[in-house]
Amino acid sequence: MPPSLMAVFFTVALMAMASPSMTFDMGQSTRCVAIPNQMKVCKDVGYSEMRLPNFLGHSNLEGEVVPRSEDWRPLLQTGCHPQAQAFLCSLIAPCVAVRDSCAPVLACQGHPWPEALDCDRFPAEEDMCLSPHAKFSHFAKELPKPACQRCPSVEEAPAMKTVLDAFCQHDFAVTAKLHRRRLPMGEPEFEVEGRVEFIHQGPLLPYDTQHLLQQWLLINLRCANVLVRPGRSQLYVLTGSVQPDGTLALTRLFPWHKKDINIAVATRKWKHHRC
C-alpha cells in the first residue's frame, strides 16, 4: 500500500525541522510583511501581516514560506482543532490547545509533534504582527468530533438480524457513499460523496454529519484505505457511538451492494419497529 499524502509530507517536513539551521533564532532581527495572496492556507485567518524570518527559519516568501505553508493543508483539512489554521500561520498561543488536539492526529499517521513547534519557543502575542481582531473565541459549541481509532469491522453480506442488532447497539446508523480518487501525484484522496442519510440519527446533527465523516476519513487514512478501492465509490451503512469525551467512534460497517437484500429489509424493519 503506498504511503499517504500526509505521511509523505511529514517525512520531508520533519527532517527539515530537525535541522537546527531551520529554526528561528530568538535574537534575530525580524520585520513585518504582508501575507501574500497566494498563501492560501492563511486566507481569512484574521490578520494581514507576518514576520520574517518566521519561527520555522523561513526568510524567503516565494522560495520557502508560500510553498512550505501548503505542506500543512492535509493536517488543516482534518479539522483537528478550530484554531489550527491561526496557530500554523502565526505560531503563537493557544499553542498548547492546538498541540493537544492535533498531536493525536499526527500520531495516527505515525508522526510525533514536531520539536520545531514546541510551544515554549514562541513569544507572547504582543511581540507578533497581529491586530486585536485576531483574538480567538473559546465559546464554540461542542459537537461530536472524529478521532484516531482502531479500524471498525467491515462485514460483507450480513444477516438481517446482524444489521438490526448493530442499529440497536449503537448511538447512530447512517448510509454514506465513500469515494476515493487519485490526486495528480498519485496519492488517494477520500471524500463523502452526496448526502448522508440517517437510519438512526442519535446525537448526530444533520448539518454536521457529512463533514464529520469526511474528517474521520482524513484522520483515519489507514482505515480509509481498506474501505474503498482507488477510483471507486462504495455505499456503506455505518454504525457507531459518541464517546463520553465527545469523540465519534465508528464500530461496524456494512458495504451495501445491490444484491444485499438483508440490509434493505433490516433498514425498513428498523424504521417501523425499532428495537
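Is C223 buried or exposed? With a relative accessible area of 4%, C223 is buried, and its sulfur sits 2.1 Å from that of C151, with which C223 forms a disulfide. Please keep in mind as you look around that this is a predicted model. The tour below starts with the disulfides, moves on to the cores and the paired strands, and ends with two helices.

**Disulfides**

- The model has three disulfides.
- A disulfide is a covalent bond between the sulfur atoms of two cysteines.
- In the pair C151 and C223, the torsion about the S-S bond is about -95°, so this disulfide is left-handed.
- C151 belongs to the loop between β3 and β4 and C223 to helix α8, so the bond ties together parts that are 72 residues apart in sequence.
- While C223 is buried, its partner C151 is partly exposed, with a relative accessible area of 28%.
- C80 and C102 form a disulfide as well, with 2.2 Å between their sulfur atoms.
- The S-S torsion of C80 and C102 is about 80°, so that disulfide is right-handed.
- C80 comes from the loop between α3 (73-77) and α4 (84-90), C102 from helix α5 (residues 95-108), and the two are 22 residues apart.
- Both ends of this bond are buried: C80 has a relative accessibility of 13%, and C102 has one of 1%.
- C108 and C148 make up a further disulfide, their sulfur atoms 2.3 Å apart.
- Here the torsion about the S-S bond is about 75°, so the disulfide of C108 and C148 is right-handed.
- This bond links distant parts of the chain, 40 residues apart: C108 is in helix α5, and C148 is in the loop between β3 (145-146) and β4 (153-154).
- C148 counts as partly exposed, at 39% relative accessibility.

**Nonpolar cores**

- The largest nonpolar core holds 22 residues, and the members that touch the most others are L178, L217, L227 and L250.
- Two or more residues of this core come from each of β5 (172-182), β6 (188-200), α7 (209-219), α8 (221-227), β7 (233-242) and β8 (247-255).
- Another core, of eleven residues, lies apart from the largest one and includes F167, I199, F254 and I263.
- Which residues does L178 contact, once its neighbours within four places in sequence are left aside? They are E191, V192, L217, L227, V228, R232, S233, Q234 and Y236.

**Strand β7 and its partners**

- Seven of the ten residues of β7 are buried, so the strand is largely enclosed by the rest of the structure.
- β5 and β7 run antiparallel and are joined by eight bridges.
- One place to find this pairing is T175, whose bridge partner in β7 is V237.
- β7 also pairs with β8, again in the antiparallel sense, over seven bridges.
- V242 has L248 of β8 as its bridge partner.
- β7 and β8 form a hairpin with four residues between them, and in its turn G246 has a positive phi of about 90°.

**Helix α9**

- Helix α9 (residues 261-273) has 13 residues and spans 18 Å from its first C-alpha to its last, close to the 18 Å expected at 1.5 Å a residue.
- Which residues of α9 are buried? I263, A266, T267 and W270 are.
- Those buried residues cover an arc of only 100° around the axis, which puts them on the same side of α9.
- An α-helix has 3.6 residues a turn, so residues three or four places apart point the same way.
- I261, R268, H272 and H273 are exposed, on the other side of α9.
- I263 ties this helix to the earlier topic, as it is among the members of the eleven-residue core.
- Just after α9 comes R274, which takes a positive phi of about 55°.

**Helix α2 and E70**

- E70 has its place in helix α2 (residues 61-70).
- At 27% relative accessibility, E70 counts as partly exposed.
- The C-alpha atoms of E70 and C42 are separated by 9.5 Å, with the two residues 28 apart along the chain.

Terms used: Residues are numbered from 1 along each chain as its sequence is written. This is a predicted model: local features need pLDDT of at least 70, side-chain atom pairs count only at pLDDT 80 or more; totals for chains, interfaces and linings use all residues. Side-chain values use heavy atoms; hydrogens and water are left out. A nonpolar core is a set of buried Ala, Val, Leu, Ile, Met, Phe, Trp, Tyr and Cys residues joined through side-chain atoms within 4.5 Å. Buried means under 20% relative accessible area, exposed over 50%, partly exposed in between (1.4 Å probe, protein chains only). Contact means heavy atoms within 4.5 Å. The expected span of a helix is 1.5 Å times one less than its number of residues. The arc is that of the directions from the helix axis to the C-beta atoms. Two strands pair if DSSP finds at least two bridges between them. A disulfide is a pair of cysteine sulfur atoms within 2.5 Å.
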